[in-house]
Amino acid sequence: MTVAPATADDVDVLADLWVSLAADQRRYGSRLRAEANRSIIRETMLRHVVTDTVFVARRAGRAVGFVTFGTETGRYRQDVDRGTVHNIYVDEPDRGVGIGSALLGTAEKALESSGAEAVALQAMADNDAARSFYERHGYAPHRIELEKPINDDPLTSDDG
């Protein structure tokens, strides 16, 4: 298994892998539509290639996973410079052999080299396997996102 910076030749396969990621995450409540975002993610992957913020994992020459990342930008000043892992994905049959760990470690090293002092990422709340993976790598909850359907407010409901 190798992990290396992605090239423009990888963009289509990276888009395929992202579509698989998005489709998989729907079972955990993700709102992203996998196939409907293919052209947008292809452009996004190309930008990641140009900015050296995407790595691809290969087994026997076949792309089996990727990680995208970047430095956090914004108008607010913070106590630390943070990097963000945007997406990490490994094909189902290739999980459990260290590919995700290698991808995450490679992104963390790249972010550290760019000046990041901390790394943030997101996982679906119901994806216990992903949350456990990140916890094993030292990640802990920092911020919690809450959501509810707009017509499901128990305080203003006319029911009852």
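## Close-up views of a predicted model

At 35% relative accessibility, Gly29 counts as partly exposed, a class that lies between buried (under 20% relative accessible area) and exposed (over 50%), using a 1.4 Å probe and protein chains only. This is a predicted model, in which local features need pLDDT of at least 70 and side-chain atom pairs count only at pLDDT 80 or more, while totals for chains, interfaces and linings use all residues. Residues are numbered from 1 along each chain as its sequence is written, and side-chain values use heavy atoms, with hydrogens and water left out.

**View 1. Gly29 sits in the loop between α1 (11-25) and α2 (38-50).** Helices (H or I, at least four residues) and strands (E, at least two) are DSSP runs, numbered from the N terminus. If you look from Gly29 towards Tyr139, you span 110 residues in sequence and 21 Å in space, C-alpha to C-alpha.

**View 2. The whole protein comes into frame, with its 4 helices and 5 strands.** Starting at the N terminus, the order of elements is β-α-α-β-β-β-α-β-α. The C-alpha atoms fill a box of roughly 60 × 40 × 30 Å along the principal axes. Of the 160 residues, 35% are buried. Taking contacts (heavy atoms within 4.5 Å) between residues at least 6 apart in sequence, 60% join residues at least 24 apart. About 10,800 Å² is exposed, and carbon and sulfur atoms supply 48% of that area; accessible areas come from the Shrake-Rupley method with a 1.4 Å probe.

**View 3. Strand β3 (residues 62-71) pairs with β2 and with β4.** Two strands pair if DSSP finds at least two bridges between them. Strand β2 (residues 54-59) runs antiparallel to β3, with 6 bridges joining them, and β3 is joined to β4 by 7 bridges, also antiparallel. Thr68 is a handy residue to find here: Val54 stands opposite Thr68, and Thr68 stands opposite Asn87 in β4. Because 8 of the 10 residues of β3 are buried, this strand is largely enclosed by the rest of the structure.

**View 4. Two residues other than glycine, Asp52 and Ala60, have a positive phi.** Most residues other than glycine have a negative phi. Asp52, in the loop between α2 and β2, has phi near 55° and counts as exposed at 56% relative accessibility. Ala60 belongs to the hairpin of β2 and β3, which has 2 residues between the strands, and takes a phi near 50°. Ala60 is exposed too, with a relative accessible area of 89%.

**View 5. Strand β4 (residues 82-90) and strand β5 (residues 118-121) pair in the parallel sense.** The pairing extends over 4 bridges, and Ala120 in β5 is the bridge partner of Thr84. Together with helix α3 (residues 99-113), β4 and β5 make a right-handed β-α-β unit. Right-handed here means that, with the strands pointing away from the viewer, the path from the first strand over the helix to the second runs clockwise.

**View 6. Glu92 lies in the loop between β4 and α3.** Its relative accessible area is 49%, so Glu92 is partly exposed. From Glu92 to Gly115 is a step of 23 residues in sequence, and the C-alpha atoms of the pair are 33 Å apart in space.
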